[in-house]
Amino acid sequence: MSVDIDELAKRLETQVLEDAKGVFSEMVLEYAYNPRNMGELCYADGVGKITGTCGDTIQIQIRVENERISESRFITDGCGTSIACGSMLTEIVTDKTIEDALAITSEDLLRSLGGLPEENVHCSVLAVDVLREAIRDYRSTLS
Ligand code: FES
């Protein structure tokens, strides 16, 4: 019996996506499968990088101009949810003042993503912690 690997991979991908649709919001799937701002800045004013209790690491870099976040990028070795969180969060903080960015909570991020299953809520908490770490790092360079 011959197996068409491409066809099998396509069927598996479709199945995984169908299963995920029953668990995650459309927004989470959109931001996980089509991530925004993924990668690294060639120059960053602040960097946050934290490994959560789940063992996954998220890094967020920010570029700041006139006390406003002009650009932000993230990378993660974590789950699809961490990609969705980094993706959405870097989009939310762009053009925000440092003060407004610091005021963003994991609840805000969850709302923007249309919610997460209980067992994935910690991914949003980790992403927001990483952003705050990046802002702390930025501020440490000012003094
Ligand atoms: S960040 Fe670790 S499970 Fe999502």
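Angles between helix axes that are under 35 degrees count as roughly parallel, those over 145 as roughly antiparallel, those from 65 to 115 as roughly perpendicular, and the rest as oblique. In the predicted model considered here, this classification applies to the pair formed by helix H3 (residues 80-93) and helix H6 (residues 121-140), whose axes cross at roughly 40° and come within 9 Å. H3 and H6 are therefore oblique to each other. The crossing of the two helices is right-handed. On the H3 side, the contact is made by Thr81, Ser82, Cys85, Gly86, Leu89 and Val93, and on the H6 side by Cys123, Ser124, Ala127, Val128 and Leu131. Classified by residue type, the contact of H3 with H6 comprises 7 nonpolar and 4 polar residues, with no charged residues.

The overall architecture provides the setting for this pair. The protein chain contains 6 helices and 3 strands, arranged from the N terminus in the order α-α-β-β-β-α-α-α-α. Along the principal axes, the C-alpha atoms fill a box of roughly 70 × 30 × 25 Å. The chain has 143 residues, of which 34% count as buried. Among contacts with a separation of 6 or more, 62% are accounted for by residues 24 or more positions apart.

Helix H5 (residues 106-113) has Leu109, Leu110 and Leu113 as its buried residues. These residues lie on the same side of H5, because the arc that they cover around the axis is only 100°. In general, an α-helix has 3.6 residues a turn, so residues three or four places apart point the same way. The buried residues of H5 are covered by elements that include helix H2 (26-33), H3 and H6. Exposed residues Glu107 and Arg111 are carried on the face of H5 turned away from the buried side. Just after H5, Gly114 adopts a positive phi of about 75°.

Positive phi values also occur at two residues other than glycine, Asn66 and Asp95. Most residues other than glycine have a negative phi. For Asn66, phi is about 50°, and the residue is found in the loop between strand E2 (57-65) and strand E3 (68-76). Asn66 has 6 other C-beta atoms within 10 Å and is therefore exposed, as 12 or fewer such neighbours place a residue in that class. For Asp95, phi is near 80°, and the residue is placed in the loop between H3 and helix H4 (98-102). With 13 other C-beta atoms within 10 Å, Asp95 is partly exposed.

Helix H4 includes Ile98, a residue that counts as partly exposed, with 17 C-beta neighbours inside 10 Å. The C-alpha atoms of Ile98 and Glu67 are separated by 5.8 Å, although the two residues are 31 residues apart along the chain. When residues up to four places away in sequence are not counted, Ile98 touches Val64, Glu67 and Ile135. Of these partners, Val64 lies within the range of strand E2 (57-65), and Ile135 within that of helix H6 (residues 121-140).

Conventions
Residues are numbered from 1 along each chain as its sequence is written. This is a predicted model: local features need pLDDT of at least 70, side-chain atom pairs count only at pLDDT 80 or more; totals for chains, interfaces and linings use all residues. Axes are lines fitted to C-alpha atoms, for helices over the stretch in contact, and angles run from 0 to 180 degrees between N-to-C directions. Helices (H or I, at least four residues) and strands (E, at least two) are DSSP runs, numbered from the N terminus. A crossing is left-handed if the near helix is turned anticlockwise from the far one by less than a right angle, and right-handed if clockwise. Two residues are in contact if their C-beta atoms, placed from the backbone, lie within 7 Å. Ala, Val, Leu, Ile, Met, Phe, Trp, Tyr, Cys and Pro count as nonpolar, Asp, Glu, Lys and Arg as charged, and the others, Gly among them, as polar. A residue is buried if 20 or more other C-beta atoms lie within 10 Å of its own, exposed if 12 or fewer, and partly exposed in between; C-beta atoms are placed from the backbone. The arc is that of the directions from the helix axis to the C-beta atoms.
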